[in-house]
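Work through the following exercises with the structure in view, and try each task before reading its solution.

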Amino acid sequence: MSRARLAVLVSGRGSNLEALRSACEAGLIAADIVLVGSNRPHAPAVRWAHDAGIATLASDSRGCGDRAAWDRGFLAEVAAFWPDWIVLAGFMRQLDGPAISKWIGRMINVHPSLLPKYPGLHTHRRVLEAGEREHGASVHFVTAELDGGPVLAQVRMPVQQGDTPESLAARLLPLEHRLLVASVAFLLSHRVELMSGCIWLEGVPMSGPLQLDEGLALR
Ligand code: GRF
C-alpha cells in the first residue's frame, strides 16, 4: 500500500513533530512527512525539520493584517505539497473557517486537555486551579471552533498531590506523543471518517473518544 503524505504544522519546540517522524521511520505509521509548515519562521521545530531534510514552509503570521488572507495563502502553499492529512502539532494559531473548509475531515490537532474541557491556552494551570483529579490530552478533527472539533482519541492520567503546571506538562508530554502517533496510525487504517460533524467508526457513529491504553492501542 502506498504511504500517506503528511503535512505537519508547528509553532514552537516540535517534540510532537519529532515523535511523528520517528514513528514514520520506525514503520509504526505508513506515512512520510512531506512538509513542515509554520507561522513562526524561527521556531526550533522549523530548524529541526530543515536539519532532518524535510521541506519547510515558514511564513510569519505576526502583523499580517488580514488574518483570513494569511490563512488562505498559507494553506494554498501547504496544499501544493499534496498532503493526505494535515497534522497540527503545537500550531498556535486558530485558522479561519473558510480557509480550512476543504480540509475538514483531513486535518487534526493535538491538544493538552481532556476536551471539551479546557480548550485554549494554559490548560495545565487551569486544571490545577479547578481541582481536577484527572488530566490528559486529546486528538480532534479541526473545525472553525478553537479546539472544538469532534474528538477522535484521548489519553488520561491522574493529577497527583503537589503537581504544578510544569510537572503536569512534563508527565503529559510523552503520553501526548504516543496519542498522536496512535491516532495518525488509526486514521491511516481508514476505519474512521468524519461525516455530518460526527466521527464514524466502521460505519457506526462513535459514542465517545477512543482511549489510549497502556499497550499503546486505541480502544
Ligand atoms: C503540546 O503540548 C501541544 O499539545 C500544544 O503545544 C505543545 C507543543 O509541543 N498544543 P511541541 O511543540 O510539539 O513540543
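**Exercise 1.** Find the polar contacts that glycine 14, arginine 13 and serine 15 make with an oxygen atom of the ligand.

*Solution.* Begin with glycine 14 in this predicted model, where a backbone N or O atom of the residue lies 2.8 Å from an oxygen atom of the ligand. Turn next to arginine 13, which uses an N or O atom of its side chain, placed 2.6 Å from a ligand oxygen. Finally, take serine 15, whose side chain brings an N or O atom to 2.5 Å from an oxygen atom of the ligand. As for the ligand's surface, it exposes 360 Å² when taken alone, and the protein buries 87% of that.

**Exercise 2.** Describe the shell around the ligand by its residues, their classes and the elements that supply them.

*Solution.* List the surrounding residues, among them Asn16, Gly90, Val110, His111, Pro112 and Glu176. Sort the shell by class, which gives two nonpolar, five polar and two charged residues. Then assign elements: H1 and E5 each supply at least two residues of this shell.

**Exercise 3.** In which pocket does the ligand sit, and what lines that pocket?

*Solution.* The ligand sits in the largest pocket, whose volume is about 860 Å³. Its lining comprises 36 residues, with Gly90, Phe91, Met92, Val110 and Pro112 lying nearest the centre. Helix H1 (15–25), strand E5 (107–111), helix H5 (123–129) and helix H6 (165–188) each give two or more residues to this lining, and H6 gives the most, with four. By class, the lining has 16 nonpolar, 15 polar and five charged residues.

How values were computed: Residues numbered from 1 in each chain as written. Predicted model: local features only at pLDDT ≥ 70, side-chain atom pairs only at ≥ 80, totals over all residues. Heavy atoms only, no water. 1 Å grid on protein atoms, 1.4 Å probe; cavity = no way out; pocket = protein on both sides within 12 Å on 5 of 7 lines; lining within 4 Å. Points joined across faces, edges and corners; volume = space filled by probe spheres on them. Nonpolar A, V, L, I, M, F, W, Y, C, P; charged D, E, K, R; others polar. Near = heavy atom within 4 Å. Polar contact = N/O pair within 3.5 Å; in protein donor to acceptor, adjacent residues only side chain to side chain. Areas by Shrake-Rupley, 256 points an atom, 1.4 Å probe, with all protein chains shown as cover. Sits in = over half its atoms within 2 Å of the grid points.
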